[in-house]
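Me: I am new to this structure and would like to go through it step by step. Please show it, and then I will ask about its parts.

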Amino acid sequence: MSDSQPRAIPTALVSAFRGAFGGKPSGVWSAPGRVNLIGEHTDYNHGLCLPLAIPRRAWVAAAPRADRRLRIVSRQVPGERTIALDGLLEGNRGGWAAYAVGVLWALEQAGHEVGGLDVVVDGRVPIGSGLSSSAALECAVAVAAVDLFGLDGYDGEEGRRALAQICVRAENDVAGAPTGGMDQSAALLARADEALLLDFDGAPADTAPVHVPFDLSAHGLALLVMNTRAEHSLDDGQYGNRREECRAAVAELGVPSLRAVQPGDLDRVLPRLASEVLRRRVRHVVSEIERVTQTVDALEREDFAALTGLFDASHASMRDDFEISCPELDTAVETARAFGALAARMTGGGFGGSAIAIVPASLVERVSQAVTTAFADHRFREPELFPVTADGPARRDR
Ligand code: GLA
């Protein structure tokens, strides 16, 4: 699944659409996957996170249908799926296609008139890699639907924030993954060469994101994605379990959210929690939000050396306190650091998926080789490693 010629993808997708449905699509749209630099499991705790879009994208070719059905095929998954928009929550939600039909459903729930669509998908964000392949699909379908049905209110940054909420609703209510809003916000709001500081305190879509310069190549550095290929899923209960634990801690502490707990108050607050597990969960969330602020400060000062300690502390917090790492992620992070990465940590929801490393550009090969060798030594699946730059948001491609 190479992305060496991303400009060829829309052309190939038009042919695939003709092959699948006979006619020409009305257009081709795409949305990116993401990595999160820091700030994990903070979004649904009203906290901060710092994602950026990556050049691996989900592309969709689409045309409206006269009826209220979504007919969808993927170049990666065999078989065609047809899902009725009416009675969606009671009926067939289409498996992976729920991410697409869910967006049409959520747009209707928001009061828009939408119809059916024929869609061909070419998803180049590796599935189950923790790089938000599902949000990329949702957001590509969302921008396609906005164009094809002429929906108002989704222009500009504010409109895109509202569209992100639609996509979150699709993911939560139709696809059944109880995720926060980081991935969809990244896919719709990110900018090339910048990271996106998102603040989830306050009403959804209320807080404008801050764009933080992130052009590592100008500093002789590269961002390496290390997809461990250890299976990761957001709807298998583990992610939801962490969310529940945070909710339980909020209730026990009687605070509006974990954002309301200051790092300096932890010594006083943690003993009020009855369970040791909840104490560790809270310590992760509160300290992680603080690390996002410190990371943004470091990036603004161009003090990349400061990222070493911040990423190390973040990874340790996810491994030991939030308990969402796994042997493959730990091996990737430790090996990258041992072979010259300036900073490394797991990224995304955890329990598998990907880690990231900030590496001197001259050491990318060496670090990649070392991680691949370490995985072979541990008899893990072969990892997939690739450098990324911060890419732009969901868009129309033709
Ligand atoms: C997944 C979810 C996000 C976020 C991260 C963890 O990617 O979709 O909402 O909670 O996990 O930071």
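Me: Which domains does the domain assignment of the chain give?
Reply: The model is a predicted one. Its domain assignment splits the chain into two stretches of residues, 8-214 and 216-388. These are named domain 1 (8-214) and domain 2 (216-388).

Me: How many Å apart are the C-alpha centres of domain 1 and domain 2?
Reply: The two domains touch, with 39 residues of domain 1 in contact with 43 residues of domain 2. Their C-alpha centres are separated by 25 Å.

Me: What area is buried between domain 1 and domain 2?
Reply: Carbon and sulfur atoms give 66% of this area. On the domain 1 side, Ile-38, Glu-40 and His-41 supply 20% of what that domain buries, more than any other three residues. The area buried between the two domains is about 3,300 Å².

Me: Which residue does the side chain of Glu-40 meet in a salt bridge?
Reply: Between domain 1 and domain 2 the count is three salt bridges. A salt bridge needs a Lys or Arg nitrogen within 4 Å of a carboxyl oxygen of Asp or Glu. The Glu-40 side chain has such a pairing at 2.7 Å, N to O, and its partner is Arg-345.

Me: Which element gives the largest share of the side of domain 1 that touches domain 2?
Reply: Several elements each supply at least two residues of that side, among them strand E1 (27-36), strand E3 (51-65) and helix H4 (156-175). The largest share is four residues, and it comes from E3.

How values were computed
Residues are numbered from 1 along each chain as its sequence is written. This is a predicted model: local features need pLDDT of at least 70, side-chain atom pairs count only at pLDDT 80 or more; totals for chains, interfaces and linings use all residues. Side-chain values use heavy atoms; hydrogens and water are left out. Domain bounds come from an automatic or database domain assignment. Contact means heavy atoms within 4.5 Å. Buried area is the accessible area (1.4 Å probe) that two parts lose on being put together, summed over both.
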